Amino acid sequence: MSAVLWHQRLSLNNKTTSRKWDMYKKCVQYIDFKPITPRSSFLERKHMSQLVSLVAAYVHGFFGSVPARRRNGRRSDAVPAMIERLEARALLSGTSIEMHRAYNPNADFHFLTTSQAEYNFVIAAGYLDESAGNNGFCVSATFGGALVGIGRVYNPNSGAHYYTSNFSEIESLVGFGWREEGTEGWIYPTQEPGAVEIFHLYNVKTGDHFYTVNATSKDAILDAFPGRWQQHGSLGWGFPIVNQGDLFVSMDATPLRSRQLLGGALGDEVLRLELRAQNEPIDVTDLHFLVTGESASIDRLELYKIGEISPFATVTFGATGFDNVPSGGSTMTARMQNQQLVIPEGQVQIISVRPRLKSDEQGAVSGHQFQVTIDPSSELDNASGDGAIHARGVTSSNNLSGNDGDSLAEGEVFIGRDAPGPNVGIVGQTETVVLSKITSIINANPDADGTNVPTGISAIGQFKFTAATNTNSLNGLNKVVIDELPLDVNIVNAALEWTAYYVYNKADPTSKFGASSGTVTATGVHLVFAGLSTSIVDTQIPMGATSTFVLQANITNSKVSTSQSTVQVTLDPSIIGWFDADITRTPITGFELSETVVKSTSYQS
């Protein structure tokens, strides 16, 4: 029967106390032997929680108060405390949970539990706290992968508890009168990266079982009491107790392309970072970015959380101060002392890094190229400034350490990766500074796709170029000047005159310039119009303006055979040669556009 049905039966049962008590006992058995796991459905989780709450409420009402936990120094069968333990277990969220250890001085037995409520109860009843200040361990709250459960059994005659992952052993003990008390979490049966061994010692005099992950403590007990304590096989491998969190910083999976960054403006993102906090919220206090190449055109970097329009922090050269920084570039720093960037525990924050470029009057230089990177050095020192990323735990208030390169997460900053291991540098694309740029190239041919292939001298391709506005006014506002225009003419079942290709500005059809070269391709012909900037064709595109360039051809036969014919002109923006010009000209290859190919009208007959 599912938790849903048990919940319904208990909540709807308004019969006598004895009937409800019988129902209660059955529910206890169900809860104890039906732990919630990652495979449990949402309804199963929901109703299990409600069921446990109902049972706990009824038990406290039935008894009036929680009965004593000890009788003659031994544990009594206190059902309400067991329900508290079950309640804690049923509501587990699937993360690791600490295994608490207490000692009963009257019975000379140790006791382990993952239930904080049960642990508090036995401490209040006179047990000694052996968790605080000791190297304890955690277990998984839910089953998964290679994990095995820790079974807990109780000897009602001696008051001793025993823990094992061997369920055949549990069955055997139950056959001798021990009581099964469910599963106290899950551990690994063998060594796994990051796991800690749970040593098992047995006291041959008292029958006490002692569990610890502290090898020094284990050895000290064996040395101090030879013959009294024996080391048995390990319980398994659990998880270390985490006293502070970790920060993982890596490149987001979203691909970024190299950019042409316009001077005097906010550029597109040059890095997209993924920050993940583990075990506690992490407050990122300092970020160092290493800029390689030519950095003089950068005014600052601005940091944005995805979806927000205002930056939460700025990154400047001046903020670096006297920090120890790596060589090979210029370091820019963001100081964030007011919790501008706190990563919630278990969550991921995406950060977009965008550069604010100087204008040419402020020192920007066309053609400068740079990369924004995060240095992978594992050194991290708040006093000297060593390390690219400084952070602290919000809950623990501890500063995170540099990555020691091993497979454990021990309160560290990990760079370039989302799991423990050696740091990896984070490197952005190569960015180019320009003082003018083209923002779009589109088909400007008024003929629709599918129009019949024309004959004779015809304008078979038309492309409109739009230039960005800019504020780069030193020596006059910068403009784009097209110098070399490669065009591809795709030809199927049509004939065009080889020497009759010309380009002109649509604003002046009389000034034409012939192709410098032509190459036959598998799909037609590849044309190159080189030296346009010094030709009679006006190829200057002032800032904020548009210009349309036309390819003219002579079609001698629009349909060579009876099959369909096609003529279409295309261009690749990334190979266009142009000048970023005022009174001087900086040669640049390609326009940084999202389109890799721009197509004009597809003529078909």
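A polar contact is a pair of N or O atoms within 3.5 Å; within protein, one atom must be able to donate a hydrogen and the other to accept it. The views below show a predicted model.

**View 1. Polar contacts of the Asn472 side chain with backbone atoms of Asp360 and Leu435**. Asn472 is placed in the loop between β29 (456–467) and β30. The side chain of this residue reaches the backbone nitrogen of Asp360 at 3.0 Å. The backbone oxygen of Leu435 is likewise reached by the Asn472 side chain, at 3.0 Å. Asn472 counts as buried because its relative accessible area is 0%, and buried means under 20%.

**View 2. Surroundings of Asn472 beyond its sequence neighbours**. When neighbours within four places in sequence are left aside, Asn472 is in contact with Leu262, Gly263 and Gly264, among others. The contacts also include Ser359 and Asp360, together with Leu435, Leu477 and Asn478. Asp360 offers its backbone nitrogen to the polar contact with the Asn472 side chain, and Leu435 its backbone oxygen.

**View 3. Strand β25 (residues 412–415), covered on both faces**. Glu412 and Phe414 lie on one side of the strand, Val413 and Ile415 on the other, and all are buried. Strand β13 (residues 246–251) pairs with β25 in the parallel sense over three bridges. Within this pairing, Val249 has Ile415 of β25 as its bridge partner. Strand β24 (residues 401–402) also runs parallel to β25, joined by two bridges. Here Gly402 stands opposite Val413.

**View 4. Asn279, a residue with positive phi in a loop**. Most residues other than glycine have a negative phi. Phi of Asn279 is nevertheless near 80 degrees, a positive value. Asn279 is found in the loop between β15 (271–278) and β16 (282–293). Its relative accessibility is 34%, so Asn279 counts as partly exposed.

**View 5. Asn493, a buried loop residue with positive phi**. In Asn493, phi is near 60 degrees, again a positive value in a residue other than glycine. The loop that holds Asn493 lies between β30 (479–492) and β31 (495–496). With a relative accessible area of 17%, Asn493 is therefore buried, the cut-off being under 20%. Asn279, by contrast, is partly exposed.

Note on methods
Residues are numbered from 1 along each chain as its sequence is written. This is a predicted model: local features need pLDDT of at least 70, side-chain atom pairs count only at pLDDT 80 or more; totals for chains, interfaces and linings use all residues. Side-chain values use heavy atoms; hydrogens and water are left out. Helices (H or I, at least four residues) and strands (E, at least two) are DSSP runs, numbered from the N terminus. Buried means under 20% relative accessible area, exposed over 50%, partly exposed in between (1.4 Å probe, protein chains only). Two strands pair if DSSP finds at least two bridges between them. Contact means heavy atoms within 4.5 Å.
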